Amino acid sequence: MKKTILLLGSGELGKEFTIAVKRYGHRVIAVDSYDGAPTMQVTNEREVIDMLSGDDLDRIVAKHKPDIIVPEIEAIRTERFYDYEKQGIEVIPSARAANFTMNRKAIRDLASKELGLKTARYEYAKTIEEFRDALAKIGIPCVVKPLVSSSGKGQSYIRNANEIEHAWEIAMTKSRAKVNEVIVEEFISFDSEITLLTVTQRNGETLFCPPIGHRQERGDYMESWQPAEISAKHLAEAQRMTGAVTKSLTGFGIWGVEFFLSNKDGVYFSELSPRPHDTGMVTMSGSQNFTEFDLHARAVLGLPIPAIILERTGASAVILAPDESPKEPSYEGLDQALSVPGIEIRIFGKPATRKYRRMGVALASDKLGTPITVLRDRAKEAAAKVRVM
Ligand SMILES: Nc1ncnc2c1ncn2[C@@H]1O[C@H](COP(=O)(O)OP(=O)(O)OP(=O)(O)O)[C@@H](O)[C@H]1O
Ligand SMILES: [Mg+2]
């Protein structure tokens, strides 16, 4: 039966997910706060709403009567999802998972206090006084993040006491939603970080993808690779933690679960997104037999996933805008980038630029056993050849 899927958020991840479900014959309505968003290029219908308005959300849900609601972003009125579930609409992965992960507090307290997972030590603060108390408890260096934010927005590191006020200021002004509270986290001096893509299925067991390594700058991902180097012991620990948190949050779909790995201190749970993960774009390189979007599509639709197999070594590197412009950019250098074997480029088609906005991604893959460093270099080289004009 043809299903109507309401996709909340219409970025590059939603675009690939939409292509995956449309290949199975379903219908997608793309929703975002601006017109011409990447997913809207591949759907038949679209809605432009205030993503933080519960009334707008109720209105389009009533209008389109979707069978399934698939959130692509965090900053939406997820508390309404419980009601949609009661109306018989499926929320992916579940109303509870979407609601808990939109706010760092809910997910962190669940992971640390309820499930006992190892995380960085943390405190919350609503005022500058509470902030100073929190800093006294956590110590410097530390990391400050608004409770509702993503892609590093409003996030900063405090390395010395001079940076305290600035950190408070940017956390307050860059928060996505109007939750004026921050989390102060102990700075973890990790050796590497990974995303463990995980699929929970309606009619099958939980599946783990080979771990993805990544590197972040300004709180945003710059490059990722698969497989990431990790000891069997640390991988088992990360999988155990993932199993605990996804079981508690309930539901079906793909999850991007982020961990810090320290040779000295072991595995730290950092956060998770109950949806395809940006670092997981590396799966579009052909590194595994299913992309993360194909996996999400199958899990959302209740279709079988026989096995996830690592087939090649893969890497991704982002293509960023150099500056701000309200006009749709053009892209130069695709011909040079694509002349290298094993390279693929995806341009998202965003209608405007901001400095450091992610506009596309370069993908590199080669046979298993090819050193990751070689592929990372190839992906970065290809990304550098594409110029956003
Ligand atoms: N406690 C910490 N210690 C050290 N580094 C950290 C800590 N918290 C975050 N980071 C670094 O900042 C990055 C972004 O942090 P986090 O994932 O919490 O924020 P985010 O805004 O949700 O990012 P995204 O939405 O891109 O996943 C992490 O991937 C890591 O590199
Ligand atoms: Mg993150």
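## Phe259 and the nonpolar cores

In this predicted model, Phe259 is in contact with a broad set of residues beyond its neighbours within four places in sequence: Ser192, Glu193, Ile194, Leu196, Ala238, Met241, Thr242, Val267, Tyr268, Phe269 and Ser270. Phe259 also belongs to the largest nonpolar core, which has 37 residues. Within that core, the members that touch the most others are Ile107, Val245, Leu249, Phe259, Phe269, Leu272 and Ile345.

A second core, separate from the largest one, consists of 22 residues, among them Leu7, Leu13, Val70 and Ala297. In soluble globular proteins, nonpolar side chains tend to be buried together.

## The magnesium site

The magnesium ion (ligand 2) takes its protein donors from two residues, Glu258 and Glu271. Glu258 is listed with two OE donors and Glu271 with one, at 1.9 to 2.5 Å from the ion. Glu258 lies in strand β14 (residues 253-262) and Glu271 in strand β15 (residues 266-273), with their positions 13 residues apart in the sequence.

Their exposure can be stated for each residue. Glu258 has a relative accessible area of 11% and is therefore buried, the limit being under 20%. Glu271, at 24%, counts as partly exposed.

## His277

His277 is placed in the loop between β15 and α9. Its relative accessible area is 5%, so His277 is buried. Not counting residues up to four places away in sequence, His277 touches Leu13, Thr195, Leu197, Gly256, Glu258 and Glu292. Two of these contacts refer back to residues already described: Glu258 is a donor of the magnesium ion, and Leu13 is a member of the second nonpolar core.

## Helices α1 and α7

Helix α1 spans residues 12-22 and is mostly covered, with 9 of its 11 residues buried. The buried residues are Glu12, Leu13, Gly14, Lys15, Glu16, Phe17, Thr18, Ala20 and Val21. Their cover includes the strands β1 (4-8), β2 (27-32), β4 (68-71), β18 (343-347) and β19 (358-367), together with helix α9 (292-301).

Arg23 is found in the loop between α1 and β2. With a relative accessible area of 65%, Arg23 is exposed. Measured in sequence terms, Arg23 and Thr250 are 227 residues apart, and their C-alpha atoms are 27 Å apart in space.

Helix α7 (residues 164-173) has Ile164, Ala167, Trp168, Ile170 and Ala171 as its buried residues. These pack against helix α6 (128-138) and the strands β6 (122-125), β7 (142-146), β8 (156-158) and β9 (182-186).

## The chain as a whole

The protein chain contains 11 helices and 20 strands. Its radius of gyration is 20 Å, close to the 21 Å given by the globule rule for 389 residues, so the chain is as compact as a globular protein of that length. Along the principal axes, the C-alpha atoms fill a box of roughly 55 × 50 × 45 Å.

The chain is divided into domain 1 (4-91), domain 2 (121-186) and domain 3 (192-388). The C-alpha centres of domain 1 and domain 2 are 31 Å apart.

Of the 389 residues, 55% count as buried. The chain exposes about 16,600 Å², of which carbon and sulfur atoms supply 50%. Among contacts with a separation of 6 or more, 62% are between residues 24 or more positions apart.

Methods:
Residues numbered from 1 in each chain as written. Chains lettered and ligands numbered in written order. Predicted model: local features only at pLDDT ≥ 70, side-chain atom pairs only at ≥ 80, totals over all residues. Heavy atoms only, no water. Donors = N, O, S within 2.8 Å, 3.2 Å for Na, K, Ca; no water. Helix = DSSP H or I, 4+ residues; strand = E, 2+ residues; numbered from the N terminus. Buried < 20%, exposed > 50% of the residue type's maximum accessible area, 1.4 Å probe, protein only. Contact = heavy atoms within 4.5 Å. Core = buried A, V, L, I, M, F, W, Y, C linked by side-chain atoms within 4.5 Å. Domains from an automatic or database assignment. Rg over C-alpha atoms; globule rule 2.2 N^0.38 Å. Areas by Shrake-Rupley, 256 points an atom, 1.4 Å probe, with all protein chains shown as cover.
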